Amino acid sequence: MLYVIGIGPGHPLDRTRRAEEAIARSSVVVGYRPYLKCVRDLTQGKEIIPHGMREEVERCRVALERASRGAVVALLSSGDAGVYGMAGLALEMASRHNIRVPIEIVVGVTAANSAAAHMGAPLMLDYACISLSDLLVPWEVICNRLEAAAAADLVVALYNPKSKKRVKQIAEAAAIFQRYRPAATPVGIATAVGRREEKIVVSDLGHFLEMEIDMRSVVIVGNSSSQNLNGWFITPRGYRI
């Protein structure tokens with residue numbers, strides 16, 4: 001059996017009960033090292049198989065192999081396993097290599113939802129999630145998606161906004177939004193949500209690039225109706241009040 005589990009943004013209180021029960025039923029736990037640290041209170045006595053950054057294919061290969069040999073395996077993702085996580089890759093590899101083991105995808109709290117709850121209610125209306133990482137998707141394609149979302153006046157949650165090597169992408173994304181939205185548009189930055197170093201900032205489109213942003217951040221860009229009300233980032237749904 002293979003459980004592909006979303007463990008949420010990091011804090012134990014943000015894990016689902018279903019995720020905790022799936023890990024409890026597993027004898028083998030496979031994951032990126034920082035994710036394994038987030039669930040070490042659940043993994044005592046289990047076989048732990050850690051991996052590093054950019055080892056996603058190997059992670060899935062090992063998890064499927066151990067499950068096909070009879071183990072009950074937990075394959076971890078942060079947030080939700082089906083949102084920039086391991087779920088799709090595990091299903092693709094099982095199909096391609098004809099590995100017939102039961103697979104269950106266990107839902108988790110996404111980074112965007114967790115970040116939004118800390119900021120207020122920026123995702124109350126239609127929104128899109130776009131990753132700025134161009135490791136797997138060409139930057140031209142990402143820019144086209146940003147342009148379309150900005151033109152459609154969607155609130156946008158930006159994943160993987162910036163790293164030590166990728167510093168230009170977030171600036172180019174900001175420039176695209178600035179062509180469609182005023183500088184006063186609220187922008188929220190949530191970094192390391194659910195961890196001791198958590199930091200939440202609500203800025204605006206004209207100034208948010210001055211704030212600290214890294215790979216642990218989720219950036220939420222408001223639409224034309226979004227507001228900063230007493231420090232809360234809100235996108236009204238349209239109720240008459």
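Before looking up any bridge partner, I noted that two strands count as paired if DSSP finds at least two bridges between them. I also kept in mind that this is a predicted model.

**Entry 1, the five-stranded sheet.** I began with strand β1, residues 2–6, and found that β1 and β5 pair in the parallel sense over four bridges. Which residue of β5 is the bridge partner of Leu2? I traced the bridge from Leu2 and arrived at Ile103 in β5. Stepping back to the whole sheet, I wrote down the strand order as β3-β2-β4-β1-β5, an open sheet of five strands with parallel pairing. At its edges I found β3 (47–51) and β5 (103–106), and since each has a single partner strand, one side of each is left without a neighbour in the sheet. For the twist I recorded an average of 20° from one strand to the next.

**Entry 2, the helix on that sheet.** I then turned to helix α1, residues 17–25, which packs on the sheet and touches β1, β4 (73–77) and β5. Its direction makes about 145° with that of β1.

**Entry 3, the three-stranded sheet.** Here I noted an open sheet in the order β6-β13-β12, made of three strands with mixed pairing. The edge strands are β6 (120–121) and β12 (227–229), and each of them pairs on one side only. In what sense do β12 and β13 pair? I found that β12 and β13, the latter covering residues 232–234, pair in the antiparallel sense over three bridges. For a single bridge I looked up Gln227, whose partner in β13 is Ile234.

Note on methods
Residues numbered from 1 in each chain as written. Predicted model: local features only at pLDDT ≥ 70, side-chain atom pairs only at ≥ 80, totals over all residues. Heavy atoms only, no water. Axes fitted to C-alpha atoms, helices over the stretch in contact; angles between N-to-C directions. Contact = heavy atoms within 4.5 Å.
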